[in-house]
Amino acid sequence: MQKKDKTLEMELSPEIDLSFEEFKKEVLYDYKIGQLSRQMSIIARKEVLTGKAKFGIFGDGKEVAQIAMAKQFMKGDWRSGYYRDQTFLLATGMTTPAKFFALLYGETRTELNPDNGGRSFNNHFATRLVDEEGNWINQTESKNTAADISPTAGQMPRSVGLALASKFYRKNPDLDKNQKFSKKGNEVVFVSIGDGSTSEGHFFETMNAAGVLQIPMAVSVWDDGYAISVTTENQTIKGSISKALKGFEKETKKGTGITIMKAKGWDYAGLCQMYEKGIALCREEHIPILFHIEEMTQPMGHSTSGSHERYKSTERLRWERENDCLLRMRQWMEGTGLATSSELDAVEKEAHAEVKAVQKEVHESFMTPLTAERDELIELVTSKHCVCNLARQNQIDEAINGLRRAHTLNRKEILSAARKVLRHVCANCNIPGGLKNDLQNWVRAYRQMANEKYNRHLYDESDHSALKVLPVAPIYSAEAESLPGREILLQNFDALLTREPRLLIFGEDTGKLGGVNQTLEGMQEKHGENRVFDTGIRETTIIGKGIGLALRGFRPIAEIQYFDYLLYALQTLSDDAATLHYRTKGGQKVPLIISTRGHRLEGPWHAGSPLSMVINSIRGIYVCVPRDMTRAAGFYNTLLKGDDPALVIEPLNGYRLREKRPQNPGEYQIPLGVPEIIKEGHDVTLVTYGACVKIGLEAAHQLEEIGISVELIDVQTLLPFDIHHNILESVKKTNRVIFFDEDVPGGASAYMMQNVIEGQGAFYHLDAPPVTVSAKDHRPAYGTDGDYFSKPNAEDVYEAIYALMNENRPGEFPPIYEPGK
């Protein structure tokens with residue numbers, strides 16, 4: 001069929017007047033994209049299985065639906081997807097075959113691999129949102145994708161914030177006068193997820209939030225019938241996610257809910273029509289959409305880690321071959337006369353040749369610096385003639401020959417060989433120009449180079465770093481009144497909300513009630529429901545909301561009601577927010593502040609201090625542990641001047657304690673990583689933070705009465721920790737140190753001890769072993785007595801310090817208890 005087919009044309013594009021030739025050209029171009037993507041998957045898989053790459057996970061079988069979806073993706077739109085979206089990225093122009101293979105090989109040069117600079121897996125895409133100086137680019141002129149993560153459904157929570165930003169920009173276009181982040185809130189967030197991952201709680205929590213908020217979030221579920229080897233029937237109620245979410249469906253135009261649409265993954269025409277209609281509804285009316293794409297396939301299985309022939313029946317494998325989306329698209333084009341068999345053969349041949357050529361070029365580019373680095377090391381070692389004994393020379397030769405023979409050349413092999421050689425080069429070579437001296441310098445330089453490639457950018461290193469915000473002291477009048485701590489915070493938040501229109505504060509009971517401790521009392525009424533607002537009881541999407549809003553130019557403070565409840569959101573914090581700047585090599589940033597309250601109060605779930613769990617899982621997020629509300633307010637002020645994510649833990653027992661009222665709310669700034677000496681002393685250094693400062697001060701005053709002088713230090717932040725080594729200077733003076741906190745034994749107290757004793761070198765200035773005072777192994781029991789017997793108290797601190805002094809001056813400080821009892 002070579003004549004113009006009006007029926008076919010109208011079926012696909014009822015509102016676009018295309019000639020048959022124009023339409024044919026568009027469809028063939030789409031087919032070419034699909035074939036390019038399929039060949040990328042096939043060739044990349046071979047690269048992994050032959051050892052040229054470490055791991056591969058691909059989007060084969062999902063091509064046609066992603067091509068149809070990509071037609072509706074506009075500049076300014078966002079993607080929050082997962083690792084099977086390569087066709088969508090290719091069709092939208094957000095990636096190329098060259099970038100795809102650079103990802104596969106782990107290319108560390110961001111000019112070649114802008115998505116992650118070798119920090120993450122293949123098919124983990126990310127748009128570079130900030131320039132080299134850390135400034136935001138114009139998001140309305142680019143197509144944007146949030147940095148992918150591997151944890152299943154981990155891409156869902158941030159999608160809420162990305163879409164909510166469009167709603168806020170539409171309601172208040174003056175927020176973005178320069179149109180850097182939005183054009184009247186018309187941006188849609190395209191979310192993709194595999195059907196198996198819809199069983200995760202993140203998915204249901206996100207869909208619930210989207211339905212309540214009515215935001216432009218379009219979720220595509222790629223349903224190929226399996227979650228690795230587990231069938232949909234064993235995963236999803238009613239065997240269908242669209243049936244399972246029937247109760248979420250929107251019933252009235254003004255009501256809450258989502259719109260559900262379904263299509264087959266091989267139906268090019270139907271998919272194009274569905275996405276055109278659904279995305280228009282999502283964009284214009286801000287109605288969330290669920291696109292359930294059924295009958296997809298996965299021709300090469302889950303990943304390079306295994307074969308799907310192990311768990312799929314012969315009949316299922318045959319069905320998948322017959323219903324491969326690209327095969328069905330080809331059959332449709334041939335059946336309608338849109339293209340001939342020879343034309344389609346030519347497209348497929350061209351796609352294969354193009355991908356193969358790109359793969360070869362990218363691999364050569366990837367290997368060139370590695371080969372040069374290897375050759376440089378070999379030349380350095382073999383060109384020097386040192387007189388080493390035969391045994392040592394044999395080991396040197398073995399290391400170098402092993403490097404020459406390395407099946408897979410990488411920097412691990414190169415540096416490992418250099419370090420092995422360095423072990424065996426004799427001391428006589430350690431002279432200027434000698435092998436040992438030159439090799440030491442080479443290793444240092446290589447490590448420095450590797451640090452840039454693999455270690456840097458955990459935090460913002462630009463002028464936007466929170467560490468570069470200068471301190472500003474609170475100003476007090478001569479007759480400063482004392483206010484409850486909650487009012488100190490309240491006045492500070494009021495000043496910040498007045499000054500910064502992009503500031504949003506939200507959480508459970510944060511809006512109308514003003515927070516469970518009234519630190520935001522009246523703020524919603526004064527600044528509006530779009531500035532201070534309530535959320536549902538869904539901690540993961542509270543954090544996700546903050547991540548998405550921060551990516552789109554807002555300055556969110558996301559409140560988690562109690563520190564213990566942070567555990568609900570720990571995965572999202574750890575895998576997404578904390579790693580974002582690092583895994584994009586500085587290409588994306590998330591200036592999110594998480595506010596919570598914790599430490600001592602009552603019982604197992606309102607007295608939690610799981611600091612070690614948090615600080616060891618959210619590296620990449622600063623952790624502030626203020627002792628009072630003035631300090632907490634100062635941290636908020638500092639963090640809002642920088643672009644780093646941070647967690648601020650307000651001390652629960654400080655809201656009613658009185659503090660002097662600063663005259664400059666919203667302006668004073670507490671520096672991060674700088675401890676404060678609360679009380680000077682010369683006998684023992686006591687290091688603590690948060691609610692424990694008050695207890696430590698009580699013990700220090702009691703000890704002073706018997707002649708023991710304690711220097712009490714509030715570390716103020718655990719991440720970063722004492723960046724100027726102020727604690728070391730105290731230990732040099734006292735020669736004794738105790739680390740005191742209310743985390744479990746081996747927790748944050750051990751973390752502080754390692755930083756000071758090992759990291760700062762305080763060990764060499766001690767006259768007695770370092771001591772930790774921490775809580776019991778279990779959660780705190782209920783009530784005053786539960787607190788006293790579960791967590792360390794002033795008596796515990798007093799006796800620990802006294803025991804140190806008893807060891808040094810037993811005559812002056814006889815033991816309180818009989819030895820061994």
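In this predicted model, the crossing of helices α6 and α18 is right-handed. Helix α6 covers residues 156-171 and helix α18 covers residues 539-551; their axes lie 6 Å apart and the angle between them is about 55°. That angle makes α6 oblique to α18. On the α6 side, the contact is built from Pro157, Arg158, Val160, Gly161, Leu162, Leu164, Ala165 and Phe168. Helix α18 answers with Thr540, Thr541, Gly544, Lys545, Ile547, Gly548, Leu549 and Leu551. Sorted by class, the contact of α6 with α18 has 9 nonpolar, 5 polar and 2 charged residues.

A residue from another helix also touches the start of this region. Glu205 sits in helix α7, which runs over residues 201-213. If you set aside its neighbours within four places in sequence, Glu205 is in contact with Arg538, Glu539, Thr540 and Thr541. Two of these partners, Thr540 and Thr541, also belong to the α18 side of the contact with α6. Glu205 can be placed relative to Ser80 as well: the two are 125 residues apart in sequence, and their C-alpha atoms are 16 Å apart in space.

Let us move on to helix α12, which takes part in two further helix pairs. The table sets these beside the pair described above.

| Helix pair | Angle | Axis distance | Handedness |
|---|---|---|---|
| α6 and α18 | about 55° | 6 Å | right-handed |
| α12 and α15 | roughly 165° | within 10 Å | left-handed |
| α11 and α12 | about 150° | 10 Å | right-handed |

How are α12 and α15 oriented to each other? Their axes cross at roughly 165°, and angles over 145 degrees count as roughly antiparallel, so α12 and α15 are roughly antiparallel to each other. The crossing of α12 and α15 is left-handed. In this contact, α12 uses Glu373, Glu376, Leu377, Leu380 and Val381, while α15 uses Leu435, Asp438, Leu439, Trp442, Tyr446 and Met449. The residues of the contact of α12 with α15 divide into 8 nonpolar, no polar and 3 charged.

The second partner of α12 is helix α11, residues 325-336, whose axis packs at about 150° to that of α12. This makes α11 roughly antiparallel to α12. Here the crossing is right-handed. Arg330, Met333 and Glu334 of α11 meet Ser341, Leu344, Asp345 and Glu348 of α12. By class, the contact of α11 with α12 comes to 2 nonpolar, 1 polar and 4 charged residues.

Helix α12 also appears in the wall of the largest pocket, and α15 joins it there. The space in this pocket is about 780 Å³. Its lining is made of 30 residues, and those nearest the centre are Lys54, Tyr105, Gly106, Phe366 and Asn410. Which helices supply at least two residues each to the lining? They are α5 (97-105), α12 (341-383), α14 (411-424) and α15 (435-454). Among the contributors, α12 gives the most, with 4 residues. The lining of the largest pocket has 14 nonpolar, 11 polar and 5 charged residues.

Now for the enclosed spaces. Rolling a probe the size of a water molecule over the atoms shows where empty space is left. The structure holds 3 cavities of 30 Å³ or more, and the largest cavity contains about 50 Å³ of space. Leu458, Tyr459 and Asp460 are among the residues that line the largest cavity, as are Ala577, Ala578 and His581. Lys589, Val590 and Gly620 line it too, along with Asp643, Asp644 and Pro645. By class, this lining has 6 nonpolar, 2 polar and 4 charged residues.

Finally, two backbone details deserve a look. Most residues other than glycine have a negative phi, and most peptide bonds are trans. Lys585 has a positive phi of about 50° although it is not a glycine. You will find Lys585 in the loop between α20 (580-583) and β13 (593-598). The other detail is the peptide bond between Leu719 and Pro720, which is cis, with omega about 0°. Pro720 lies in the loop that links β20 (717-719) to α24 (726-734).

Conventions
Residues numbered from 1 in each chain as written. Predicted model: local features only at pLDDT ≥ 70, side-chain atom pairs only at ≥ 80, totals over all residues. Heavy atoms only, no water. 1 Å grid on protein atoms, 1.4 Å probe; cavity = no way out; pocket = protein on both sides within 12 Å on 5 of 7 lines; lining within 4 Å. Points joined across faces, edges and corners; volume = space filled by probe spheres on them. Nonpolar A, V, L, I, M, F, W, Y, C, P; charged D, E, K, R; others polar. Axes fitted to C-alpha atoms, helices over the stretch in contact; angles between N-to-C directions. Parallel < 35°, antiparallel > 145°, perpendicular 65-115°, else oblique. Left-handed = near helix turned anticlockwise from the far one by under 90°. Contact = heavy atoms within 4.5 Å.
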